[in-house]
Amino acid sequence: MSSPSFQESTARTVRGVVFRSPGQEVTVADITLAPPGPGEVEVAVTAAGVCHSDLHVIRGEWDHPTPVVMGHEGSGVVTALGAGVTGLETGDHVVLSWVPSCGTCRFCLAGRPAACSLVAEVVAPGGVLYDGTSRLSVDGEPAHHYLGVSSFAERVVVPASGAIKVREDAPLDVIALVGCAIATGVGAVRNTAGVEAGATVAVIGCGGVGLSCVQGARLAKAGRVVAVDVVPEKLELARRLGATDAVDARDGDVVEALRALVPEGLDYVFDAIGKIETTEQSIAALGQGGAAVIVGLPPTGRTARFDPLALAEADQRILGSNYGSVDAARDIPALVDLVVSGELDVESMISARRPLDEAGDALADLAAGHALRQLLMMEDRT
């Protein structure tokens with residue numbers, strides 16, 4: 001893929017986390033940030049969450065053009081508007097959305113902005129903004145955006161639809177997680193699966209997204225919520241956030257353990273990890289009419305196995321959930337409201353707040369399973 005063109009105009013220098021090529025460590029470098037173009041906004045980032053989707057790129061498990069400024073979960077304050085932007089003003093508090101939907105493609109018009117074709121075909125794979133160009137450069141050379149966000153930087157330029165205005169009394173650092181983990185997990189329960197009151201639910205994987213699924217199931221008034229993980233501390237936290245039962249995956253066969261708790265099989269199983277093993281476990285643990293919801297994302301090219309006859313005979317479903325099937329403009333402010341009201345506990349999911357210079361260590365801790373959601377806190381020098 002050719003390098004994105006860089007729009008020459010008055011620019012500023014900010015610090016950000018750059019990934020240059022597979023096999024190399026991320027580095028914190030000076031980045032040149034062009035001002036927002038038409039329909040775009042500049043945001044001073046307050047906090048950015050460290051997510052497994054960042055790891056997939058750094059490990060080479062997902063193809064992405066490089067060099068790229070990493071990060072896709074964050075929050076901040078609008079500092080500049082491009083031409084034609086309406087509905088936002090400088091000083092607005094915003095949560096960054098990694099699906100900055102165009103509003104005009106057939107999916108957006110059908111009420112499915114999480115499936116926006118412009119994002120899926122141009123923004124995400126190209127590492128660019130709507131017009132196929134970048135606002136970023138490093139060492140005088142064009143650099144790529146990550147998922148239209150690149151939140152591991154002191155400031156970012158994003159499409160206006162990727163900066164979701166929220167109430168100003170919400171803790172700006174905490175609500176960074178709403179932009180990915182919370183929206184993805186709660187959205188998977190509410191939007192993708194439509195979990196009903198009284199349903200039986202299992203969540204495999206209790207990281208940031210899995211714990212958000214647990215909280216979503218609690219908010220949906222599920223009758224039973226079983227958390228599955230290999231880390232006892234995560235299972236304990238899952239119980240505090242709404243799980244009624246816990247399964248330590250180190251103790252034996254996960255499907256057998258789930259069926260011991262719910263012999264008739266589960267109504268919904270959320271795979272919040274995305275390993276082939278956990279996807280297959282999710283399908284195998286379903287009961288009559290159940291749905292396996294694949295939320296966690298595996299490396300490119302992996303395939304899972306299931307018995308299609310058994311699936312059909314039991315009237316079961318396998319559902320993919322991208323970004324919790326959210327409508328970001330609608331769902332993110334509503335989720336922030338739940339954070340402020342105390343109905344969503346986000347603070348308990350934050351295991352550390354670290355300076356931008358510790359991004360590499362934060363990613364390493366996440367990869368080793370030592371951390372839940374870590375926040376990179378920005379010091380805006382501009």
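S325 is found in the loop between β16 and α10. Helices here are DSSP runs of H or I with at least four residues, strands are runs of E with at least two, and both are numbered from the N terminus. Phi of S325 is near 50 degrees, a positive value in a residue other than glycine. At 32% relative accessibility, S325 counts as partly exposed. Buried means under 20% relative accessible area, exposed means over 50%, and partly exposed lies in between, with a 1.4 Å probe and protein chains only.

This is a predicted model, in which local features need pLDDT of at least 70, side-chain atom pairs count only at pLDDT 80 or more, and totals for chains, interfaces and linings use all residues. Residues are numbered from 1 along each chain as its sequence is written, and side-chain values use heavy atoms, with hydrogens and water left out.

**Backbone features in loops**

Y323 lies in the loop between β16 and α10 (328–341). Its phi is also positive, near 55 degrees, and Y323 is not glycine. Y323 counts as buried, at 2% relative accessibility. Most residues other than glycine have a negative phi, and most peptide bonds are trans.

A cis peptide bond joins T66 and P67, with omega about -5 degrees. P67 sits in the loop between α1 (52–58) and β4.

Four loop residues can be set side by side.

| Residue | Loop | Relative accessibility | Class |
|---|---|---|---|
| S101 | β6 to α2 | 19% | buried |
| A272 | β14 to α8 | 16% | buried |
| Y323 | β16 to α10 | 2% | buried |
| S325 | β16 to α10 | 32% | partly exposed |

**S101 and A272**

S101 belongs to the loop between β6 (93–96) and α2 (106–109). S101 touches C108, P113, C116, V119, Y130 and S161, leaving aside residues up to four places away in sequence. Contact means heavy atoms within 4.5 Å.

A272 lies between β14 (266–271) and α8 (276–284). Leaving aside residues up to four places away in sequence, A272 touches V203, I204, G205, V209, G210, V295 and G296. V209 is 63 residues from A272 along the chain, yet their C-alpha atoms are separated by 6.3 Å.

**The parallel sheet**

Strands of a sheet pair through backbone hydrogen bonds, either parallel or antiparallel. One open sheet has six strands in the order β13-β12-β11-β14-β15-β16, with parallel pairing. Two strands pair if DSSP finds at least two bridges between them. The edge strands are β13 (245–248) and β16 (317–320), each pairing on one side only. From one strand to the next, the twist averages 20 degrees.

Within this sheet, five bridges link β14 to β15 (residues 286–294) in the parallel sense. D271 stands opposite I294 in β15.

Two helices pack on the sheet. α4 touches β14, β15 and β16, and its direction makes about 130 degrees with that of β14. α5 touches β11 (200–204), β12 (224–229) and β14, and its direction makes about 170 degrees with that of β11. Axes are lines fitted to C-alpha atoms, for helices over the stretch in contact, and angles run from 0 to 180 degrees between N-to-C directions.

**α4 against α5**

Two packed helices are described by the angle between their axes and the distance between the axes. The axes of α4 (residues 181–193) and α5 (residues 208–219) come within 7 Å and cross at roughly 45 degrees. That makes α4 oblique to α5. Angles under 35 degrees count as roughly parallel, over 145 as roughly antiparallel, 65 to 115 as roughly perpendicular, and the rest as oblique.

α4 contributes A181, I182, T184, G185, V186, V189 and R190 to the contact, while α5 contributes G208, V209, S212, C213, G216, A217 and L219. By class, the contact has eight nonpolar, five polar and one charged residues. Ala, Val, Leu, Ile, Met, Phe, Trp, Tyr, Cys and Pro count as nonpolar, Asp, Glu, Lys and Arg as charged, and the others, Gly among them, as polar.

**Strand β1**

Six of the eight residues of β1 (residues 12–19) are buried, so β1 is largely enclosed by the rest of the structure. Seven bridges join β1 to β2 (residues 27–33), and the two run antiparallel. In that pairing, V18 stands opposite T27 in β2. β1 also pairs with β4 (residues 68–69), in the antiparallel sense over two bridges. There, F19 stands opposite V68 in β4.
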